[in-house]
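Work through the exercises below with the sequence and the model open. Each task is followed by a solution in steps.

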Amino acid sequence: MAEAFATVAGVASLIDVALRACNVLYDSIRYLKDESELSQRLRRSIQSVESILQSLDDFVALHRQQQASAGLPDSLPDAVNHELISIKAQLDALSTLLPSSRSNNQIRRRAKWVLDRKRVAEVTQRLDSHQNTLILALQSFA
C-alpha cells in the first residue's frame, strides 16, 4: 500500500485528509471541556502533528515544483510515506476513541472518554513516536 502514496500528489492528498482529521479531533477535545493532563497532552500532540503536516504540505509543494522543473520523477522516500500513513492510522484510531462533538448524549460521551483514557494515552504515545520519526525522515531527505 505504501507504493500507492509514492508520488508527491498522493502524499499531498493524504496530508490534506490527515489535516482534516486533526481538526475534527481537536474539536472533539475542546467539546469535552476536560482539562486533565491527558487532554492537554493529546491537544498538544494534535497541534504538533498539525504543524508538522502543514510544514510537510509546504515542503511537498516546493519539492513538486523543483522535481518538475528538473524533469525528475515526483517521489518521496518510503520512510516519509510510511510515517505519514502511520500518522493517519493513529489519527483514525483516536477518532474512534474520542466522543464526537456532534453526539447528543452528553453522559455517554463523557463515560466513553473516561473508559478509553488508557487507550487514548497509548495512541497518543504512538502518534508522538510517528511524528518524531517523520521529522527524522524528512531531515535525512532534505
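Helices (H or I, at least four residues) and strands (E, at least two) are DSSP runs, numbered from the N terminus. The model is predicted: local features need pLDDT of at least 70, and side-chain atom pairs count only at pLDDT 80 or more, while totals for chains, interfaces and linings use all residues. Residues are numbered from 1 along each chain as its sequence is written, and side-chain values use heavy atoms, with hydrogens and water left out.

**Exercise 1. Place T124 and state whether T124 is buried or exposed.**

Step 1. T124 belongs to helix α5.

Step 2. Buried means under 20% relative accessible area, exposed over 50%, and partly exposed in between (1.4 Å probe, protein chains only). T124 has a relative accessibility of 0% and therefore counts as buried.

Step 3. Contact means heavy atoms within 4.5 Å. With neighbours within four places in sequence set aside, T124 touches R41, L42, S45 and L94.

**Exercise 2. Describe how α3 and α5 pack.**

Step 1. Axes are lines fitted to C-alpha atoms, for helices over the stretch in contact, and angles run from 0 to 180 degrees between N-to-C directions. For α3 (residues 78-97) and α5 (residues 117-141) the angle is about 160°, and the axes are 9 Å apart.

Step 2. Angles under 35 degrees count as roughly parallel, over 145 as roughly antiparallel, 65 to 115 as roughly perpendicular and the rest as oblique. The pair α3 and α5 is therefore roughly antiparallel.

Step 3. A crossing is left-handed if the near helix is turned anticlockwise from the far one by less than a right angle, and right-handed if clockwise. The crossing of α3 and α5 is left-handed.

Step 4. Residues of α3 in this contact include I87, L91 and L94, and those of α5 include V123, L127 and L134. The contact divides into 13 nonpolar, 6 polar and 3 charged residues. Here Ala, Val, Leu, Ile, Met, Phe, Trp, Tyr, Cys and Pro count as nonpolar, Asp, Glu, Lys and Arg as charged, and the others, Gly among them, as polar.

**Exercise 3. Repeat the analysis for α2 and α5.**

Step 1. The axes of α2 (residues 37-70) and α5 cross at roughly 25° and come within 10 Å.

Step 2. The two helices α2 and α5 are therefore roughly parallel, and their crossing is left-handed.

Step 3. Among the α2 residues in contact are L42, V49, I52 and F59; α5 contributes residues including A121, I135 and F141. By class, the contact of α2 with α5 has 13 nonpolar, 6 polar and 3 charged residues.

**Exercise 4. Classify Q54 by accessibility and give its C-alpha separation from L19.**

Step 1. Q54 is in helix α2; its relative accessibility is 39%, so Q54 counts as partly exposed.

Step 2. The C-alpha atoms of Q54 and L19 are 7.8 Å apart, with the two positions 35 residues apart along the chain.

**Exercise 5. Summarise the chain and its confidence.**

Step 1. The chain has 5 helices and 0 strands, in the order α-α-α-α-α.

Step 2. Of its 142 residues, 39% are buried.

Step 3. Among contacts between residues at least 6 apart in sequence, 79% join residues at least 24 apart.

Step 4. pLDDT is the predictor's confidence in each residue, from 0 to 100. The chain mean is 78, and 79% of residues reach 70 or more. Over residues 1-5 pLDDT stays under 50, and the model has 7 contacts for them beyond four places in sequence.
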